[in-house]
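Please open the structure in your viewer and keep the sequence panel beside it, since this tour moves from one selection to the next.

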Amino acid sequence: MTKINENFIKLPGSYLFTNIAKKVDAYVDANPGKKIIKMGIGDVTRPLAPAVIEAMNKAVDEMGTYEGFHGYGPEQGYEFLRKLIVENDYKDLGIETDEVFVSDGAKSDCGNIGDIFAADNKVAVCDPVYTVYVDTNVMSGRAGELGDDGKWSNLVYMPCTSENSFIPELPKEKVDIIYLCYPNNPTGTALTKEQLKVWVDYAKENDAVILFDGAYEAFITESNVPHSIFEIDGAKEVAVEFRSFSKTAGFTGNRCAYTVIPKTVKVGGVELNKLWLRRQCTKFNGVPYVVQRGAAAVYSDEGKKQVRETIEYYLENAKIIKIFGKDL
């Protein structure tokens with residue numbers, strides 16, 4: 001008899017953001033004259049940068065020629081994009097091209113990374129938390145049972161509240177996998193280099209792995225806040241980093257991101273880099289050539305300027321919300 005993965009049955013009926021969308025739609029239907037400011041999901045509203053559009057149009061034209069056509073590409077991403085990522089985002093951090101894996105989204109990678117870890121690993125998450133971290137561990141059988149308080153019995157929750165300035169404390173029990181997202185979704189908190197060093201030290205002392213979601217890295221403005229966890233001494237031995245072009249350059253509809261796994265990150269002597277490469281080659285056919293050319297244009301001089309202008313626009317919106325939000 002066919003059997004299903006019973007962990008899926010444990011999940012609540014639908015995905016959090018699907019529920020939010022339904023509630024918003026219902027409210028709009030019931031209140032047609034009301035203006036809605038949607039802050040339930042981190043989508044973007046500005047169009048793609050002109051440099052990105054130009055590069056993608058050129059790539060589309062290439063695809064219409066025998067000389068420029070691209071079929072299946074390398075599962076870990078085209079080298080032209082991976083080189084640009086290393087040169088621009090990880091300059092002087094010692095990251096190598098074959099430690100970068102281009103993907104269709106940080107969300108996908110944050111969820112799929114669980115494939116290479118055993119089901120009996122103890123997982124720690126911040127509370128509140130981006131729901132993907134929790135739900136995918138439920139699917140993988142690591143979360144235990146859902147309690148009446150809405151928390152899973154086998155996950156370690158690290159409260160982020162006004163009482164601790166939304167900065168989580170180290171787990172009181174030993175954990176194996178730690179999800180950190182900074183700048184944080186959903187609290188917006190950022191960690192300084194000194195604060196993040198505490199987590200790297202903990203991971204080294206406890207043979208743990210940090211899964212570091214840096215999707216909002218482009219919005220960092222303070223000099224003492226690291227743009228990458230690999231700015232912290234020792235992080236290349238214990239951390240995996242996820243980055244996204246969605247928040248940086250408006251690629252939510254194009255789907256392009258990347259994950260960095262240094263070859264020095266090992267579990268039981270096994271390189272996670274090799275396991276992730278094997279996983280991707282088997283389960284993923286890569287991001288389309290046209291999209292990767294668009295992502296590469298983000299690193300051009302014009303692309304950097306145009307993307308920065310968009311980020312400044314969103315930062316200004318954040319200031320407005322902070323100042324006038326109570327009156328909206």
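How far is the sulfur of Cys110 from the closest cysteine sulfur, and in which residue does that sulfur lie? Bear in mind that this is a predicted model, then select Cys110 and Cys181 together and show their side chains: the sulfur of Cys110 is 7.7 Å from that of Cys181, its closest cysteine sulfur, and this is too far for a bond. Starting from the other end gives the matching result, because the closest cysteine sulfur to that of Cys181 is the one in Cys110, again at 7.7 Å and too far for a bond. A disulfide would need the two sulfur atoms within 2.5 Å, and the structure holds zero disulfides.

With the selection still active, turn on the surface. Cys110 is buried, with a relative accessible area of 0%, and Cys181 is likewise buried, with a relative accessible area of 3%.

Next, select residues 79-89, which form helix 4, together with residues 289-297, which form helix 10. These two helices pack at an angle of about 25°, with their axes 9 Å apart; angles under 35 degrees count as roughly parallel, and helix 4 and helix 10 are therefore roughly parallel to each other. Their crossing is left-handed.

To see what makes the contact, show the side chains of Phe80, Leu81 and Leu84 on helix 4, and of Tyr289, Gln292, Arg293, Ala295 and Ala296 on helix 10. Coloured by class, this contact of helix 4 with helix 10 comprises six nonpolar residues, one polar residue and one charged residue.

Notes: Residues numbered from 1 in each chain as written. Predicted model: local features only at pLDDT ≥ 70, side-chain atom pairs only at ≥ 80, totals over all residues. Heavy atoms only, no water. Axes fitted to C-alpha atoms, helices over the stretch in contact; angles between N-to-C directions. Helix = DSSP H or I, 4+ residues; strand = E, 2+ residues; numbered from the N terminus. Parallel < 35°, antiparallel > 145°, perpendicular 65-115°, else oblique. Left-handed = near helix turned anticlockwise from the far one by under 90°. Contact = heavy atoms within 4.5 Å. Nonpolar A, V, L, I, M, F, W, Y, C, P; charged D, E, K, R; others polar. Buried < 20%, exposed > 50% of the residue type's maximum accessible area, 1.4 Å probe, protein only.
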